[in-house]
Amino acid sequence: MTRSWSRTSRVIAGTATALAVLTACGGGGDDTANKPNEPVTITFWGWAKGSKDVVDAFNASHTDIRVKFEEIPSGTAGGYAKISNAVKAGNAPDLVSIEYSSLPEFVSSGALQDIGGEFTEADRAKLLPQTVELTTLGGKTWAVPFDAAPQAFFYRKDLFAKYKVEVPTTWDAFRKAAEQVKKADAKARIATFFPDDPTTFEAMAWQAGAQWFKAENDTWKIDTTDAATTKVTAYWQGLLDAGLVHKNASFSPEWTGSLKNGTTIGYLGASWGAGVLKGTLPEQDGKWAVAPMPSWDGKPASGMLGGTSFAVTKDSKRKAAAVTFAEWMSTTEDGVKARIASGTSSAFPAAAALRPVAKKAFDASYYGGQDIYALFEASGASISPNWAWGPTTGTTNTTIKDHFGKIAQGGPGIADAVKAGHDATVAELTKRGLKVEG
Amino acid sequence: MKARTRAATILLTPFFLLFTAVMVVPIGYAVWLSLFTEKQSGLGFGGTETVFTGLDNYTAALGDRAFREGFGVLLGYCLFYIPLLLAGALGLALLLDSALARARRFFQLALFLPHAVPGIIAALIWVYLYTPQLSPVVQAMEAGGIGFDFFSPEGALPSIVNIALWEWLGYNMVIFYAALQAIDRSVLEAATVDGAGAWRIAFSVKIPLVKASLAMVGLFTVIGSLQLFTEPLILNKGTGSAVTSTWTPNMYAYTAAFDRNDYGLAAAASVLLALTAALLSFAVTRLTGRRKAGTARKERTA
């Protein structure tokens, strides 16, 4: 008897606690309908540098629309999962940040709405055509492109000078430079292979002219065995085998640490990297410079690494307001200025007319006053227009990342990872009932 | 009798309401989800259509090598981890049981302390200690001529086992220590009188007497291992390590839902995992139940 009573009282105590927790979790989250005359309130989720400053600037200058900004983790670090879940649960924000690589996946899962009516042909004409291409899927417009992310090579000009290494313009020269760096300092490397980030590798394939995802006659053609991909794969495998680059996770303490102590003296990134380096390594002020990405034939060529667009979620009833705000961020002087002036962003606007604004707003003293925007401009123009992203980026990139992690001396290599990504992509498309070749 | 029934009803209702809301309904929803797949047409940009596909998600999960390999990893993990855990925790408990009273309390607390650190924090700290350029441990090992890459395909399992041991050794040590303390002191005295040394007492008297707790900890650890998730996820996300996104069945379900947007597959994988856990739990309760009945019988005959 006593035993059963004590158990019952334990149940009651447990229940009471659980109830308290439940009530604490409830409530909030409902949007009351907007009355006329009152400003429309929209919610915006993003993680790009300077987003908070942009929202503040918008709210300060607008009375008809109020934006509530909520910072989420970057896409692959959990941000996309959060967005998908919110859409699934029916409590998604109105506007979300999505990178070009993941946009098709969100469109195909039905998470977004067509904004072609609000974001018109004339608006789109102001933007870099490659970015418009990447946000137009199945003949509809799904997002407002914010930045293009042309590739760039960041390097420590002081150490390059010290080691007497020329800044490489071709990939052949890059390998020679990598050898020189290693010779000059056995611990130092010219750059890093990021096993956790397939997009950096994909940008290299993109630059070389690969076209992994091709849509033709309602069929997806997956091709990762083309000459360009094969060439890039063999090249990077060679660098890894010869120990000419570090192999560290991107933006990990390990990577940052090696930049800090000068054992990594270069970074193959993209336009937005200028702001990241500046923010991560303030003490190396004036020591960095930016060069165009090395290319295969010495002529300017670039893929795109990252790059953000803004999309309206499917259940949003405030599409017009959301698009207005998105366009303000992407295509107005004030919007771009607010972001860049935050000091943390070196975004390269998709809107051609706004690049002088961005250039003026970005304090390039970190790069010794180098005109980095002119460099991005040239690189942006050379972005290969052939690349498209498929609707299974999540599967493709997770698989490649898993296999990048297994790369070992004498074991599986980059080619195996690409093959695995290819197979997983084809299987996923088939499972969804889509026609696929490859 | 009637009053008692009423009281029982009133007192149990909150429990069953919550049980229904947070256990039964979500499980039912998962089973429901697992029967559907999102299908698309054309290039896939026309949105999705939810189609009833019966057990297709289950065959897809079972047919996926990555999912099956996850169970293989769990098996390897159990074979590697459980003997180390049991031997370590028991060894420490025996040491404590024979140590000085003052040192006892200190060590008990010190050894238990890691368990108070949440798994996610423990994993983050260990990732730091595993990272070649940052870790003083790796540097010391290299200086001593031992090169070991904790993130390599061979290193992944030991890395995770090490974190788990760090977290759980002290906890299980406390369980064994309590069992050892419960041993009738007169038995130990009798053994001493019979001329048994400390080793002999430990192996021939103490360990046989705590066999039941050994079995219990072992079996609970097997079932707990099925849930392996947090530590490998941290190793997967934060590093370029060989721990894949589908390393354990739990991670497979997580990746299916949140990286691949395939909620049906994720639900099916979760249900399969839950079934495995249920089967194992059933086997465990049956086994321990029989053991208890067995010992009771023995005691009666003795």
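Let's start with contacts inside chain A. Take the contacts between residues at least 6 apart in sequence: 76% of them join residues at least 24 apart. Keep in mind that this is a predicted model.

Here is one example of such a pairing in space. A:Thr393 and A:Ser102 are 291 residues apart along the chain, yet their C-alpha atoms are separated by 6.0 Å. A:Thr393 sits in helix α17 of chain A. Leave out residues up to four places away in sequence, and A:Thr393 touches A:Ser101, A:Ser102, A:Pro104 and A:Glu105. Is A:Thr393 buried or exposed? It has 27 C-beta neighbours inside 10 Å, so A:Thr393 counts as buried. The cut-off for buried is 20 or more.

Now the whole of chain A. Of its 438 residues, 50% are buried. The secondary structure comes to 18 helices and 17 strands. The C-alpha atoms fill a box of roughly 75 × 65 × 55 Å along the principal axes. What radius of gyration would a compact globule with 438 residues have? Near 22 Å, and chain A has 24 Å, which agrees.

Next, a sheet in chain A. It is an open sheet of three strands, in the order β13-β8-β14, with antiparallel pairing. Which strands are at the edges? They are β13 (266–270) and β14 (288–292) of chain A, and each pairs on one side only. On average, neighbouring strands of this sheet are turned by 30° against each other, direction ignored. A helix packs on this sheet too. It is α12 (residues 273–280) of chain A, and it touches β8, β13 and β14 of chain A. The direction of this helix makes about 135° with that of β13(A).

Look at one strand pair in detail. Strand β8 (residues 151–156) of chain A runs antiparallel to β13(A), and five bridges join the two. One residue to find on screen is A:Ala152: its bridge partner in β13(A) is A:Gly269.

On to the contact between the chains. How many residues does each chain give? Chain A gives 43 residues and chain B gives 35 residues. On the side of chain A that touches chain B, six names are worth finding. The elements giving two or more residues are α1 (2–25), α3 (79–89), α4 (103–108), α11 (253–260), α17 (393–404) and α18 (414–431) of chain A. Helix α17 of chain A is the one that holds A:Thr393. By class, this side of chain A has 16 nonpolar, 17 polar and 10 charged residues.

Now chain B. An unreviewed UniProt entry annotates "transmembrane region" at residues 7–32, 74–95, 107–129, 160–180, 209–229 and 263–284 of chain B. Let's check two of these spans against the model. Residues 107–129 of chain B are 91% helix and 0% strand, with end C-alpha atoms 24 Å apart. Residues 263–284 of chain B are 100% helix and 0% strand, and here the end C-alpha atoms lie 31 Å apart.

Two last stops in chain B. First, helix α12 (residues 249–258) of chain B. Why is this helix described as largely enclosed by the rest of the structure? Because 10 of its 10 residues are buried. Among them are B:Tyr252, B:Tyr254 and B:Phe258.

Second, B:Glu49. B:Glu49 lies in strand β2 (residues 49–52) of chain B. With 12 C-beta neighbours inside 10 Å, it counts as exposed, the cut-off being 12 or fewer. B:Glu49 and B:Tyr130 are 81 residues apart along the chain, and 45 Å separates their C-alpha atoms.

Methods
Residues numbered from 1 in each chain as written. Chains lettered and ligands numbered in written order. Predicted model: local features only at pLDDT ≥ 70, side-chain atom pairs only at ≥ 80, totals over all residues. UniProt positions renumbered as here; feature names shortened; annotations may be inferred. Helix = DSSP H or I, 4+ residues; strand = E, 2+ residues; numbered from the N terminus. Contact = placed C-beta atoms within 7 Å. Nonpolar A, V, L, I, M, F, W, Y, C, P; charged D, E, K, R; others polar. Rg over C-alpha atoms; globule rule 2.2 N^0.38 Å. Pairing = 2+ DSSP bridges. Axes fitted to C-alpha atoms, helices over the stretch in contact; angles between N-to-C directions.
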